[in-house]
There are 2 protein chains.
Amino acid sequence: MKKKRNTTIKDLARRLDISVSTVSRALRDAPDVNYETKQQVLALAEQLNYKRNMLATSLVSKRTYNIGVIVPELSVPFFGYAISGIQQTLYEYGYKMLIGHTSEQFKLEQDSVQMMIDNQVDGIIISVSKDTEDYQHLHQAKEEDIPVVMFDRVIPELQQVFSNVIVDDKDGAFNATAHLIEHGYKRIAHISGPKNLYISQKRIEGYKEALEMYNIGFQSEYLIHCNLRVDAATATEQLLRLPEPPDAIFAINDPVAFEILHYLNELGVKVPEEIGVVGYTGDPMGRLFNPSLTSIRQPSAMMGSKAAELLIKEINHKHNPATKNLPFEHSTIILPTELITGRSSVKKRL
Amino acid sequence: MKKKRNTTIKDLARRLDISVSTVSRALRDAPDVNYETKQQVLALAEQLNYKRNMLATSLVSKRTYNIGVIVPELSVPFFGYAISGIQQTLYEYGYKMLIGHTSEQFKLEQDSVQMMIDNQVDGIIISVSKDTEDYQHLHQAKEEDIPVVMFDRVIPELQQVFSNVIVDDKDGAFNATAHLIEHGYKRIAHISGPKNLYISQKRIEGYKEALEMYNIGFQSEYLIHCNLRVDAATATEQLLRLPEPPDAIFAINDPVAFEILHYLNELGVKVPEEIGVVGYTGDPMGRLFNPSLTSIRQPSAMMGSKAAELLIKEINHKHNPATKNLPFEHSTIILPTELITGRSSVKKRL
DNA sequence: TTGTAGGCGTTATCAG
DNA sequence: CTGATAACGCCTACAA
């Protein structure tokens, strides 16, 4: 409860009767300090429980070791896992994590980015909201010389400007669709997400490519965009009302797939017998559903971890005297997905 | 990409030919500044896109407006919602959120707290890990004069030292158990969590109290502790092996309940006909299960929000010259729970 | 109301 | 290898 002042390098200097610069050097083991002096400093620092004041250090070095992480939702497991991955890697490298969540609102995303900039984070990791169509805020971070890494929900136009971590969405969607076809489903529908999300587009591409590959004509009424989980049920209903309803649904992600499974169950529609369902995400929760959900697994924690690594790489690049004036080569890491076979897409043998 | 220096109060002072102190005063509208001077400063600041450097401010004021939030898991929806609530409230008050997650490991919890302290956060909001039995790290925060607020997973011994936000766990558990009894179940088991978690204890109390109230004898073999979701299935199996297996299970939380539902389903045990199940948390996901899960709903986002409010209140208290020397009255906010009736505990009428 | 000067804790530059 | 000294950007007595 008492407000005892923390010991500073001045205190150490005074007690050892040396200058603060020497103490400072010793403390961050600079090359040019006498070994014994350093030992003394270190010993006293230990004894007096000295703790470097990051604020002061940051003030002069212009590095905060703070990383801003911005996601559209905090309660969606995918992002929870991704953030865990980010946090773990950042932690290993001595960085801290500042969180901003946007609730899928573009305005809050802008605010978050601005807040991060104002706060002088060393970098930003972001997965954009579903309404993000203007990239001014991201460009501003760039102008402030703050590296940005995007993951999962990336923006293709910015691929050369920022590093990215994604999965091969087209490929994953292809596999999901092909899996349904190979398991005997003929009329495959796809409940997609918001149109402007790149992941929606890529997954649609994969879906269409699979249909084509198997010589199944694409039917536009089988492709529905929905506002993620909130109206997944409505979308499903719409599909069932079709003159010729689909016999399988590939969902943009697991939250949507869960809603679909639930809705079909309410209606008494049998899954997988009458309708097959495949999701995308690979939320471990899918295993617990009845029937368990077939899904395309995205390595969420790994995605976060890779994003953090890319970011730190870029930060180091711009602080390394040898490379700081060279342009940084932005890369896009594409992680593999994996088909997790559940029972929602596998009819029992005849 | 170019590293243009940000404008500082010195720049403003120079351009207006006044002193930095005046600028400083104008910028944070101190009482003693001439109105017109202030307007000029503000205008120029706007024009030059001046942004206060928080690091410098923090260095002198000793306030960072950073709040550390430490949770055992990031991928558990309950904490996701709670963090959303925390974040939203902190944001309203101009605070930022630093996140630490412990993966339920005590060591990481200690590290997190230490990191927060080193980083001079203005306060800490924490829900402890299941292995936390030593409170030294929390006391240390106290010694550094950093307010701490605990939520959900609190520590009763520290109730007078910190503020807390919880639900009435005993009451909730009572209601869950009573609900099962009133729906015709006779042999109610309880799969509890780690023994040293206070919430486990309180929920057990509520469970026992309900049994007593309805004159049902407590049977120790019906009470099993499990390591949260990882061995919920094992615990269930153990119950089913009993000479006289229970006909209902009250689970410590929803993740465990989900595992139970899944496990029973795998075995072909009918829920709710053969066994009734009730969870605790009120995860919206429970609605999607088949059968939907009856659960005790905790207002997760609200808990987070309240925790943030309590914390900010305490921070303000210690910075307000009028109150800073008075002891702060720690309070424990107890939020109400609500029984969400699903189908997992309601047998169809005979 | 405004300015001066000193300080917050650390790092960096440049002599010695 | 070590020590002054000047930043970093802002705040705050104390004077004027």
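This passage describes how two protein chains meet each other and how they meet two DNA strands in a predicted model.

A good place to begin is the relation between the two protein copies. Chain B is superposed on chain A by a rotation of 180 degrees with 0.0 Å of shift along the axis, and the RMSD of this fit is 0.1 Å. The two copies are thus related as by a two-fold rotation axis. Within chain B, the residue that comes closest to this axis is B:L98, with its C-alpha at 2.3 Å. The interface follows the same pattern: 100% of the interface residues of chain B are also interface residues in chain A, so the copies meet through the same surface.

The contact between the chains draws on 50 residues from chain B and 51 residues from chain A. About 5100 Å² of area is buried between the two chains, and carbon and sulfur atoms give 52% of this area. Charged and polar pairs also cross the interface. Six salt bridges are found between chain B and chain A, and one salt bridge joins the side chains of A:R287 and B:E259, with an N to O distance of 3.1 Å. In addition, 16 residue pairs are in polar contact across the interface of chain B and chain A, counting pairs with both residues at pLDDT 80 or more. On the chain B side, the elements that give two or more residues are the helices α4 (54–61), α5 (77–92), α6 (106–118), α7 (136–143) and α11 (254–267), along with the strand β2 (96–101). The most is given by α5(B), with seven residues. Sorted by class, this side of chain B has 18 nonpolar, 17 polar and 15 charged residues.

Attention now turns to the DNA, starting with strand C. This strand is surrounded by 26 residues, and the closest are A:Y50, B:S21, B:T22, B:R25 and B:T37. At least two residues of the surface near DNA strand C come from each of α1 (9–16), α2 (20–27) and α4 (54–61) of chain A, and from each of α2 (20–27) and α4 of chain B. The residues of this surface are eight nonpolar, ten polar and eight charged. Among the atoms of DNA strand C within 4 Å of the protein, 66% belong to sugar or phosphate, and the rest belong to bases. Individual atom pairs show several kinds of approach to this strand. A polar backbone atom of B:S19 is 2.9 Å from a phosphate oxygen, while a polar side-chain atom of A:T57 lies 3.2 Å from a sugar or linking oxygen. A base is reached as well: an N or O atom in the side chain of B:S21 is 2.9 Å from a base oxygen of DNA strand C.

DNA strand D has 24 residues around it, of which A:T22, A:R25, A:T37, B:I9 and B:Y50 come nearest. Of the atoms of this strand that come within 4 Å of the protein, sugar and phosphate account for 67%. Here α2 and α4 of chain A and α2 and α4 of chain B each supply at least two residues of the nearby surface, which divides into eight nonpolar, ten polar and six charged residues. Phosphate oxygens of DNA strand D are approached from both protein chains. In chain A, a backbone N or O atom of A:N34 lies 2.9 Å from a phosphate oxygen. In chain B, a polar backbone atom of B:I9 is 2.8 Å from a phosphate oxygen, and a polar side-chain atom of B:S24 lies 2.9 Å from a phosphate oxygen.

Definitions and conventions. Residues numbered from 1 in each chain as written. Chains lettered and ligands numbered in written order. Predicted model: local features only at pLDDT ≥ 70, side-chain atom pairs only at ≥ 80, totals over all residues. Heavy atoms only, no water. Contact = heavy atoms within 4.5 Å. Buried area = accessible area lost by both parts, 1.4 Å probe. Salt bridge = Lys/Arg side-chain N within 4 Å of Asp/Glu carboxyl O. Polar contact = N/O pair within 3.5 Å; in protein donor to acceptor, adjacent residues only side chain to side chain. Helix = DSSP H or I, 4+ residues; strand = E, 2+ residues; numbered from the N terminus. Nonpolar A, V, L, I, M, F, W, Y, C, P; charged D, E, K, R; others polar. Near = heavy atom within 4 Å. Least-squares fit on C-alpha atoms with pLDDT ≥ 70 in both.
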